[in-house]
Amino acid sequence: MAAVPKTTEIFKENIFAGKVVLCSGGGSGICYTMTEAMVQHGAKAVIISRSLEKLEKAAAKMRSATGGQVLAVAADVRKPADVENAVKKSIEAFGRIDFLINGAAGNFLAPFEKMSYNAFKTVHEIDVQGTFNLTKAASEHLKASKGSIINVSATLYYTGLPFQSHAGSAKAAVDALTKHWAVELGPFGVRVNGISPGPVGDTEGMSRLGKLRKAGETESRIPLGRQGVTMDIAQSCVFLFSDAAAWITGHTLVVDGGAWMNTSFV
Ligand code: HXC
């Protein structure tokens, strides 16, 4: 299997010089690599999630990998005061926000009849309300910079994957927000898109959801023959934030090796 190239092997190194990216869920997994790629191309970054201890470690790792500036701010996206503070800290540190990645998400496997009322609500609050909260808090700065948003979604609901009704319905709402905001913010020069990652190895999501499958099943059912790596998603992130995507808005890009088209598979 050919190695997935780094974004710097495809895109110019300095395309995001002078820009600032704010990412929820940026302390680990897919969103960490998306943010790191943006820094690799010249952006400054603010990463937010609940655990400051984990975030500080992630920020230190990102700084050392890129030589760039990375700020860690603890925030629970469900809490408006937290996200408003994260936006304030971003502006205090770097003076602007050009790119927003709404990546914070909750998930676990559960048949809906066994799921508590609060379990369903919690995932919707993180995925949908959290995406709303952070975008609302950052929107005036995104308008000022004619910036761009990526909402991280999932293909779970395309086929009705079992035990994922909480997360799938939340991501359906996130995809709707992508379209609504693309229309509302387009006249201000702000593009809003989504990325729906498929099965990406070595992530928290896959370690939970992969339990549905036997060893090797994931690869054998993906048309392009392999699981994803976080760099696959970073490539699409850099593309969608770059001027190469200047006329693309309201679109959710599926990056999954064709996985979702095999029935009941993410
Ligand atoms: C059933 C569960 C549960 C589980 C929590 N709950 N984990 N129910 N099975 N495994 C219930 C709790 O019992 C509680 O309900 C309610 O959910 C809230 O749980 P808390 O622990 O109090 O809340 P909190 O700490 O705020 O958040 C819990 C969490 C979070 C949302 C489950 O820990 C989480 O999701 N972490 C994983 C993050 C993650 O994996 N992110 C990547 C997502 S991947 P009661 O009734 O008891 O109060 C993704 C895309 C997938 O989104 C696509 C892959 C291809």
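**View 1. Isoleucine 10 sits in the segment before strand S1 (20-24).** Welcome to this structure, which is a predicted model: local features need pLDDT of at least 70, side-chain atom pairs count only at pLDDT 80 or more, and totals for chains, interfaces and linings use all residues. Residue numbers start from 1 along each chain, following the sequence as written. Helices (H or I, at least four residues) and strands (E, at least two) are DSSP runs, numbered from the N terminus. Isoleucine 10 counts as exposed because it has 10 C-beta neighbours inside 10 Å. For this label, a residue is buried if 20 or more other C-beta atoms lie within 10 Å of its own, exposed if 12 or fewer, and partly exposed in between, with C-beta atoms placed from the backbone. Leaving out residues up to four places away in sequence, isoleucine 10 touches Pro5 and Gln235; here two residues are in contact if their C-beta atoms, placed from the backbone, lie within 7 Å. Between isoleucine 10 and phenylalanine 239, the C-alpha to C-alpha separation is 9.7 Å, although 229 residues separate them in sequence.**View 2. Helix H1 (residues 29-40) crosses helix H9 (residues 230-241).** Two packed helices are described by the angle between their axes and the distance between the axes. Here the axes of H1 and H9 come within 8 Å and cross at roughly 50 degrees, which makes H1 oblique to H9. Axes are lines fitted to C-alpha atoms, for helices over the stretch in contact, and angles run from 0 to 180 degrees between N-to-C directions. Angles under 35 degrees count as roughly parallel, over 145 as roughly antiparallel, 65 to 115 as roughly perpendicular and the rest as oblique. The crossing of H1 and H9 is right-handed; a crossing is right-handed if the near helix is turned clockwise from the far one by less than a right angle, and left-handed if anticlockwise. On the H1 side you will find Gly29, Ile30, Thr33, Met34, Ala37 and Met38, which meet Thr230, Met231, Ile233, Ala234, Cys237, Val238 and Phe241 in H9. Sorted by class, this contact of H1 with H9 has 10 nonpolar, 3 polar and no charged residues. In these classes, Ala, Val, Leu, Ile, Met, Phe, Trp, Tyr, Cys and Pro count as nonpolar, Asp, Glu, Lys and Arg as charged, and the others, Gly among them, as polar.

**View 3. Helix H3 (residues 80-94) meets H4.** The axes of H3 and H4 come within 8 Å, with a crossing angle of roughly 30 degrees, so the two helices are roughly parallel to each other. Their crossing is right-handed. From H3, the contact takes in Pro80, Val83, Glu84, Val87 and Ile91, and from H4 it takes in Asn133, Leu134, Ala137, Ala138 and His141. The contact of H3 with H4 has 7 nonpolar, 2 polar and 1 charged residues.

**View 4. Asparagine 133 lies in helix H4.** Asparagine 133 is buried, with 25 other C-beta atoms within 10 Å. Setting aside neighbours within four places in sequence, asparagine 133 is in contact with Val77, Pro80 and Val83. Proline 80 is 53 residues from asparagine 133 along the chain, and their C-alpha atoms are separated by 5.9 Å.

**View 5. Here is the shell of 21 residues that surround the ligand.** The closest are Gly106, Phe108, Ser116, Ala119 and Gly205. The elements that give two or more residues to this shell are H4 and helix H7 (204-209). H4 gives the most, with 5 residues. The shell divides into 12 nonpolar, 7 polar and 2 charged residues. A residue is near a molecule or strand if its C-beta atom, placed from the backbone, lies within 6 Å of it.

**View 6. Valine 73 belongs to strand S3 (residues 70-74).** With 22 C-beta neighbours inside 10 Å, valine 73 counts as buried. Its contacts, not counting residues up to four places away in sequence, are Val46, Ile48, Ala86 and Lys89. Valine 73 and alanine 59 are 14 residues apart in sequence and 9.9 Å apart in space, C-alpha to C-alpha.

**View 7. Lysine 146 and its backbone come into focus in the loop between helix H4 (117-145) and strand S5 (148-152).** Most residues other than glycine have a negative phi. Lysine 146, in contrast, has a positive phi near 50 degrees. Lysine 146 counts as exposed, with 12 C-beta neighbours inside 10 Å.

**View 8. Phenylalanine 163 is placed in the loop between helix H5 (156-159) and helix H6 (165-185).** Phenylalanine 163 is not a glycine, yet its phi is positive, at about 65 degrees. With 18 C-beta neighbours inside 10 Å, phenylalanine 163 counts as partly exposed.
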